[in-house]
Each structure stands twice: as structure tokens, then as C-alpha cells.
Amino acid sequence: MYERTVKENRSFFRNRSFISLWLASTCSFLALSTYLFAEQWYILRVLQQEAYLGIVLMLTLLPRIFLMLIGGVIADRFKKAMIMRFSSLFRLGFVIALLFVYQNDALGIVQLSLFAFLFGCIDAFFSPASSALLPLLLSSEDFTRANAVVQTSNQLALFSGPLLGGILLTTYSFTLLFVVVGCFLSVTFLCSLFISERRVEHRRSTSATAELVEGVRYVFSEPYLRKILFILIIINFFFFGPLLMGIPLLVDGVLHGQALDLSYLQGAYQIGMLLGAALIGLRNIKSQSIRLLLLLIGGLGIGLAALGQISTVFQGVVLLLTMGLLSAVINVLLLTTIQATSQQPMMGRVMSLVNAASNGLVPLSYALISLSLYFHFTITWILLYCGIMIVTTSCFFFIRSMKKD
């Protein structure tokens, strides 16, 4: 038994196409997170136009969200590795052009906004293609481990990008920072050249719009996929938005802490996610039980409600470490389930809808929380209400699933 497990792991990590996809995805996330950091810091410290920060971030992220749906259609029509290749190459071209403009002291808010918009648009085609590609490279037995490896690396990349950017700007300049982003994209492009994907027969509809509609209908016609999409909406609206906004508000308004305390809390959540992804990868959990997912999501809701009631940094660290672990397990199980149950010709569109649902509602959640704060709701009560909503929804669907049996 032990020898068979070792052999499976060896064959898994000796798959050249998967290793190339893994590296390409990680470097792409590093490029995105480092670029976003450079963008924000340039506006705040060089241009000193704080009022434009939200606008530029929206120009980067909103096109990425909406164009992911079109990216899913493209991913189902063409080779996914080729889409990744061109996305990396075009983004590299934009970064080189950005560096040229910066070197000539011509990078103002208008130019930066234009580059932000173009970067976000092209990046939107990478994620659906890379997510839909993994099932074509491995057997279904390896989906859980592979997703755990990729998700762990992606989380590390998202966490490391701003850290790397801060070190580079402290020691050097924006020039080197933009060069490093370009290097990450170059590695992404080179890795995509070594991916060999098997061909999937695809029957083209009359138009891309018709294929997009077909993909939406497919997701909503499959009860299991429909439930998973709804779960993603609940998690991102009532959990990730309040959590990401709530942590700094808790440190400032409730704990009256310092910047180091904020680092402890944010770092605890990231470490929890890494531990969760590593745990599920090592155990190779393949459960597609909707009840297990609902129980885990209920646990997230309890943790979020409790987070609003903390009085010490230590309590927050313990809660966020636990919630990070649960988040990673839910994320990997959801992704593995979608890849295992979706039809291959529809995979790109399914993953684009999943990515859009995962990212699209967070800005709306931010807006709702900001509105609640405007009407003098404290972050303590907001986290409590959102946690109760998650627990109530999880219990409702759990009871319904029990009655069906």
C-alpha cells in the first residue's frame, strides 16, 4: 500500500505538463499581486492622489471579473495552453510599455488607469483557461492533490507579491519592481510552452454569445453545480467581503492595536489557508458530499460571528487560523468537485462562471459594509449578522438535503 502511494505521488509530480501549469499559475498570481501593489503604492506615494485609488483598482479588477465569462467561452473553443501563452505575452508587453512610460516621467493617473484597464482585461482570459486545463492533464484520482498544490502555491503568491514589492521599493525603485513583474510574466509564458493538453471535441454554436448562454444554462440545469454556485455566492458575499474589510477595522476600532497586530491577524488567516490546502492534499480527500461542504461553511459562519466578539489579538489569531484552514478545505473540495462532475467541452465556461461568482460579489459586499458603517453599524455587529446569515443558510440547505433522503 505504501509503495503504491509513493508511486502515485512520483507519477503525479513527474507530469511535465502539470508542473508547467503549476509554475505558470503561480508566476501569474505573483505578477498580478505584485502589479496591484505597485499600482496602489505608486498612486499613494508618487502621484499622491488617494482619491483615485479606488477608481484605478476598479479599472484593474472589474474588467477581469466580467471578461472571465467571455474567457470561458474562448477556453472551450481553443487550446487552453495557447490562451495562457497569449495572455502572458500581452501582459508582458503592457508592463514593458508601462516601464518605458515611467522611465520617461510620463506615467500620470490617466496613463496608469489605461494600463490598469488593459492589464485587467487580458488577465481575465488566463484564469478560466488554467483552471479548465488541469482536468485534461491528470486523472480524476489526482484532482484533489493537484488542486491542493496549485491553490497552496497561488495563496503563497498572493501573499508574497505585496511583501516582495515592499522589499524592492524599500531597497530599490519602481523600475526594478516593474522589471520583476515582467520577469514573472516571462516565466509564465515560457512554462506555458511546455504544456501538452489532449484534444477535446467541441461543437461550436452559431456565436460566442450563444455558447455563453449555453454554458449558463448547463450550470443551472445541473442541480449539483447550481448548489455549488450558490454556495460560492454565499461565501463570497457574506464571508470574504466582511472578513477582508473587518480585520483592519477590528484592529483599529476594537482592539486599538498597531500595524504589527494587523500583520498577525492577516498572517494567521494566510497560514491557516496554507495548512488547510496542505492537509487536504496529503489526505487526498475526494468527498463530493454537499452536506460536508455545508457543515464546513457553517463552521466558517460561527467563526466569523465569533471574530466580531474578540477582545484580544490572540483570540483573533486562533479564530483566523481556523477559518483559514476551513476556507482552504472548502475551496479545494469545491474546485475538485466541479472539475470531476462537469463535462469537458463545457469546462471553460463552467470555470469562468465559478471565477466570476468567486470575485464578482466581493466589491458589492464592500459597498454594503461601507453603507452599513455609514449608518453607524459597528463592525462587531456586521460580522455577527453576516456569520448568522451563513450559519442559517447552511442549516436550511442541510435540513433540506436530509429531507430528500
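A crossing of two helices is called left-handed if the near helix is turned anticlockwise from the far one by less than a right angle. In this predicted model, the crossing of α2 and α8 is left-handed in that sense, and the same term describes the way in which α4 passes α8 and the way in which α10 passes α13.

**Overall make-up**

The chain contains 15 helices and 0 strands. Of its 405 residues, 51% count as buried. Among the contacts in the chain with a separation of 6 or more, 85% are accounted for by residues 24 or more positions apart.

**Three helix pairs**

The table sets out the geometry of the three pairs.

| Helix pair | Angle | Axes |
|---|---|---|
| α4 (residues 80-103) and α8 (residues 174-192) | about 165° | 8 Å apart |
| α2 (residues 16-47) and α8 | about 160° | 8 Å apart |
| α10 and α13 | roughly 155° | within 12 Å |

Angles over 145 degrees count as roughly antiparallel; α4 and α8 are therefore roughly antiparallel to each other, α2 and α8 are likewise roughly antiparallel, and α10 is roughly antiparallel to α13.

**Helix α8 and its partners**

The contact between α4 and α8 is made on the α4 side by residues including Ala-81, Met-84, Arg-85, Leu-92, Val-95, Leu-99 and Tyr-102, and on the α8 side by residues including Phe-174, Phe-178, Val-181, Gly-182, Leu-185 and Phe-189. By class, the residues of the contact of α4 with α8 divide into 14 nonpolar, 7 polar and 2 charged. The contact of α2 with α8, for its part, has 19 nonpolar and 4 polar residues, with no charged residues.

Ala-38, which lies in helix α2, gives a local view of the pairing with α8. With a relative accessible area of 0%, Ala-38 is buried, and, leaving aside neighbours within four places in sequence, Ala-38 is in contact with Phe-174, Leu-177 and Phe-178. Ala-38 and Val-181 are 143 residues apart in sequence, and their C-alpha atoms are 9.5 Å apart in space.

Helix α4 also holds Lys-80. Lys-80 has a relative accessibility of 6% and so counts as buried, given that buried means under 20% relative accessible area. Not counting residues up to four places away in sequence, Lys-80 touches Ala-75, Ala-129, Ala-132, Leu-133, Leu-136 and Glu-197.

**The nonpolar cores**

The largest nonpolar core has 58 residues, and those with the most contacts inside it are Phe-239, Leu-243, Leu-307, Leu-320, Met-323 and Ile-330. At least two residues of this core are supplied by each of α9 (208-221), α10 (223-254), α11 (259-283), α12 (290-307), α13 (313-341), α14 (347-374) and α15 (379-404). Helix α10 gives the most to this core, with 15 residues. Met-323, taken without its neighbours within four places in sequence, is in contact with Phe-239, Leu-243, Tyr-269, Leu-300, Gly-303, Leu-304 and Leu-307. Another core, of 34 residues, lies apart from the largest one, and among its residues are Val-95, Leu-169, Phe-178 and Leu-185.

Several of the residues with the most contacts in the largest core, among them Phe-239, Leu-243 and Met-323, also take part where α10 meets α13. On the α10 side this meeting includes Tyr-224, Ile-228, Ile-235, Phe-239, Leu-243 and Ile-247, and on the α13 side it includes Leu-320, Met-323, Ser-327, Ile-330, Leu-334 and Thr-341. The residues of the contact of α10 with α13 divide into 15 nonpolar and 3 polar, with no charged residues.

**Two loop residues with positive phi**

Most residues other than glycine have a negative phi. Gln-48 has a positive value, with phi near 55°, and Asp-105 also has a positive phi, near 55°. Gln-48 lies in the loop between α2 and α3 (53-77), whereas Asp-105 is found in the loop between α4 and α5 (109-123). Exposed means over 50% relative accessible area; Gln-48, at 58% relative accessibility, therefore counts as exposed, and Asp-105, at 73% relative accessibility, counts as exposed too.

Terms used
Residues are numbered from 1 along each chain as its sequence is written. This is a predicted model: local features need pLDDT of at least 70, side-chain atom pairs count only at pLDDT 80 or more; totals for chains, interfaces and linings use all residues. Side-chain values use heavy atoms; hydrogens and water are left out. Axes are lines fitted to C-alpha atoms, for helices over the stretch in contact, and angles run from 0 to 180 degrees between N-to-C directions. Helices (H or I, at least four residues) and strands (E, at least two) are DSSP runs, numbered from the N terminus. Angles under 35 degrees count as roughly parallel, over 145 as roughly antiparallel, 65 to 115 as roughly perpendicular and the rest as oblique. Contact means heavy atoms within 4.5 Å. Ala, Val, Leu, Ile, Met, Phe, Trp, Tyr, Cys and Pro count as nonpolar, Asp, Glu, Lys and Arg as charged, and the others, Gly among them, as polar. A nonpolar core is a set of buried Ala, Val, Leu, Ile, Met, Phe, Trp, Tyr and Cys residues joined through side-chain atoms within 4.5 Å. Buried means under 20% relative accessible area, exposed over 50%, partly exposed in between (1.4 Å probe, protein chains only).
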